[in-house]
Amino acid sequence: MDILGKGTGKQVPPSKNIAKERLRLVLVHDRASISPQLLEDLKEDMLKVISTYMEIDVKGTEVTLNSSDTSVALVANIPVLKINRI
Amino acid sequence: MGEVLVITSGKGGVGKTTTSANIGTGLASIGKKVVMVDTDIGLRNLDVVMGLENRIVYDLVDVVQGNCRLKQALIKDKRFESLCLLPAAQTKDKSAITPEQMKELCVKLKQEFDYVIIDCPAGIEGGFKNATAGADKAIVVTTPEISAVRDADRIIGLLEAAELRNPKLLINRIRPSMVKKGDMMDIDDIIDILAIDLLGVIPEDEAIVISSNRGEPVALDMNSQAGQAYRNIARRITGEDIPLLSLEVDEGILGKLKKFFGFNE
């Protein structure tokens, strides 16, 4: 059957690459949910840095992981109250 | 003072019990005093893999609950004087013992033996907590399948949370012909994902099934690749520097011909 595949010029990625990519995505979530502390620590550090530049609403801040089929994104929603004039 | 090694994986069926039996046997074959403890209460199997199922009188729960002395429950292996098995109870459940009791037991066993090999049940609940409670080091068994690697990652996180740092990885059931075709994750792929040190690799080998059928650990089979791989792992555990087995497949003439004509299988 492989001969047919080559004949039509179709390139099917080796299945191990599919497995690796799927694992990579699923482990981002697994690891974050094993340790919610990780996101909490990250949020605190981010707030510290951002606070030197602007005044933000700490209570309204949200840091989460969002995933689609092909990627995972860190999404931060940080309401800005005032920007400092440096 | 001996060392307590827990053999764990998260996922079931990846070869924890086979690994426990063969690491135990491998260590005994090089002269170490070893006890294997089956902590899979209710689903014991290390006894049948070792061929010792007919000799069980007392079990782990009897020892912990004081129904017998520790020495009475230890079953001597048929092949090695220095190898013992402490079987799990079959009619109780995981809650029959506590992590504290396991810790105490491990301390006692360490005084008598060079190595205490703990066969951990699948899962991350009570049985896992019991098995890891008294351990000094952990070995994580996985196969090159996406589900087993995912569960191994989870277990590594839980081991670290339980202060069992730097677990070692054992990759079981590698099929070199599938790896070559790109249809199975290889050693580097798995290490890359799990980011822990490799202890060894066991190839898929019919000899494992045959040896379990007979109750003779494959580590005693001088003609099998898996047996050699387990003996090497035992020596690595004692600190020897043994290179990985080469798992290159010998294609034979037919394989080379097929390749020449463009067939992959």
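Modeller: Before we look at this predicted model, one definition helps: helix axes are lines fitted to C-alpha atoms over the stretch in contact, and the angle between them is taken between N-to-C directions.

Colleague: Thanks! Then at what angle do helix H5 and helix H6 of chain B pack, and how far apart are their axes?

Modeller: H5 of chain B covers residues 99–112 and H6 of chain B covers residues 126–133. They pack at about 25°, and their axes lie 7 Å apart.

Colleague: Why is H5(B) called roughly parallel to H6(B)?

Modeller: Angles under 35 degrees count as roughly parallel. The angle here is about 25°, so H5(B) is roughly parallel to H6(B).

Colleague: And which hand does the crossing of H5(B) and H6(B) have?

Modeller: That crossing is right-handed.

Colleague: Which residues in H5(B) and H6(B) meet?

Modeller: On the H5(B) side they are Pro99(B), Met102(B) and Lys103(B), and they meet Lys129(B), Asn130(B) and Ala133(B) of H6(B).

Colleague: What makes the residues of that contact divide into nonpolar, polar and charged as they do?

Modeller: Pro, Met and Ala count as nonpolar and Lys as charged, while Asn falls among the polar ones. The contact of H5(B) with H6(B) therefore has 3 nonpolar, 1 polar and 2 charged residues.

Colleague: Turning to chain A, how many helices and strands are there, and what pattern does chain A follow?

Modeller: Chain A has 3 helices and 4 strands, and along the sequence they run α-α-α-β-β-β-β.

Colleague: How much of chain A is called buried?

Modeller: Buried means under 20% relative accessible area, and 15% of the 86 residues in chain A are buried.

Note on methods:
Residues numbered from 1 in each chain as written. Chains lettered and ligands numbered in written order. Predicted model: local features only at pLDDT ≥ 70, side-chain atom pairs only at ≥ 80, totals over all residues. Heavy atoms only, no water. Helix = DSSP H or I, 4+ residues; strand = E, 2+ residues; numbered from the N terminus. Buried < 20%, exposed > 50% of the residue type's maximum accessible area, 1.4 Å probe, protein only. Axes fitted to C-alpha atoms, helices over the stretch in contact; angles between N-to-C directions. Parallel < 35°, antiparallel > 145°, perpendicular 65-115°, else oblique. Left-handed = near helix turned anticlockwise from the far one by under 90°. Contact = heavy atoms within 4.5 Å.
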